Amino acid sequence: MSGSCALNLCSIACGRIDLFYELGFGGPWDVAGGAMIFQEVGALVFDPSGGDFDIMSQRVAASNVHLKDLFTDALRESWITQQP
């Protein structure tokens, strides 16, 4: 985690990291630039639940096409096991 959603998204776009997600960041300005760059290179930006990315939701996940389903399944399983 670099402290910047946009920078972390760019790190995926250039191949430095394979996946990323963050919940509760400051606002759309924290993610808009990185999401645009990421989508331009053909990678996936999505909601951590696996749904469509909503810039206003303060929830973002990103990965390459090969990891998305594995990643969202692992997140869902983690969230289910953490419920009281």
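Author: Before we look at anything else, let us agree that contact means heavy atoms within 4.5 Å, and let us keep in mind that what stands above is a predicted model. With that cut-off in hand we can read Val45, which touches Ala35, Phe38, Gln39, Phe53, Val60, Ala61 and Ala62 when residues up to four places away in sequence are not counted.

Reader: Val45 also belongs to a strand, so I would like to read the sheet next: in what order do the strands of the sheet stand?

Author: The three strands form an open sheet in the order E1-E3-E2, and the pairing is antiparallel. The edge strands, each of which pairs on one side only, are E1, covering 19-23, and E2, covering 44-46. From one strand to the next, the twist averages 10°.

Reader: How many bridges join E2 and E3, and how many join E1 and E3?

Author: E2 and strand E3, which spans residues 59-63, pair over three bridges in the antiparallel sense, while E1 and E3 pair over five bridges, also in the antiparallel sense. You can follow the pairing residue by residue: Leu44 stands opposite Ser63 in E3, Val45 has Ala62 in E3 as its bridge partner, and Leu23 has Arg59 in E3 as its bridge partner. As a general idea to carry with you, in a regular strand the side chains alternate between the two faces of the sheet.

Reader: Which strands does helix H2 touch?

Author: Helix H2, made of residues 32-40, packs on the sheet and touches E2 and E3, and its direction makes about 140° with that of E2.

Reader: I see the word "buried" used often; how many of the residues of E3 are buried?

Author: A residue counts as buried when its relative accessible area is under 20%, and by that reading E3 is mostly covered, with four of its five residues buried. Buried nonpolar residues can join into a core, and the largest one here has twelve residues, among them Cys5, Leu9 and Ile12, as well as Phe38, Val45 and Val60. H1, H2 and E3 are the elements that give two or more residues to this core, and the largest share, three residues, comes from H1.

Reader: Cys5 is in that list, so how should I read the cysteines, and how many disulfides does the structure hold?

Author: The general idea is that a disulfide is a covalent bond between the sulfur atoms of two cysteines. This structure holds zero disulfides. For Cys5, the nearest cysteine sulfur is that of Cys10, 11 Å away, and Cys5 itself is buried, with a relative accessible area of 3%. For Cys10, the nearest cysteine sulfur is that of Cys14, 7.5 Å away, and Cys10 is partly exposed, with a relative accessible area of 22%. The cut-off for a disulfide is 2.5 Å between the sulfur atoms, so the 11 Å of Cys5 and the 7.5 Å of Cys10 leave both out of any disulfide.

Reader: Let us turn to charged side chains: how many salt bridges are there?

Author: A salt bridge is read from a side-chain nitrogen of Lys or Arg that lies within 4 Å of a carboxyl oxygen of Asp or Glu, and by this rule the count comes to two. In one of them Arg59 pairs with Asp47, the closest N and O atoms being 2.9 Å apart. This pair links distant parts of the chain, with Arg59 in strand E3 and Asp47 in the loop between E2 and E3, twelve residues apart. Arg59 is partly exposed, at a relative accessible area of 27%, whereas Asp47, at 10% relative accessibility, counts as buried.

Reader: What N to O distance is found between Arg76 and Asp73, and by how much of a helix are they separated?

Author: The side chains of Arg76 and Asp73 meet in a salt bridge at 3.0 Å, N to O. Because these two residues are three residues apart in helix H3, which covers residues 68-82, they are separated by about one helical turn. Arg76 is partly exposed at 34% relative accessibility, and Asp73 is also partly exposed, at 41%.

Reader: One name came up at the start, so where is Phe53 found?

Author: Phe53 is found in the loop between E2 and E3, and it is partly exposed, with a relative accessible area of 22%. Leaving aside neighbours within four places in sequence, Phe53 is in contact with Val31, Ala35, Val45, Phe46, Asp47, Arg59 and Val60. The C-alpha atoms of Phe53 and Ala35 are separated by 9.4 Å, although these residues are 18 residues apart along the chain.

Definitions and conventions:
Residues are numbered from 1 along each chain as its sequence is written. This is a predicted model: local features need pLDDT of at least 70, side-chain atom pairs count only at pLDDT 80 or more; totals for chains, interfaces and linings use all residues. Side-chain values use heavy atoms; hydrogens and water are left out. Two strands pair if DSSP finds at least two bridges between them. Axes are lines fitted to C-alpha atoms, for helices over the stretch in contact, and angles run from 0 to 180 degrees between N-to-C directions. A nonpolar core is a set of buried Ala, Val, Leu, Ile, Met, Phe, Trp, Tyr and Cys residues joined through side-chain atoms within 4.5 Å. Buried means under 20% relative accessible area, exposed over 50%, partly exposed in between (1.4 Å probe, protein chains only).
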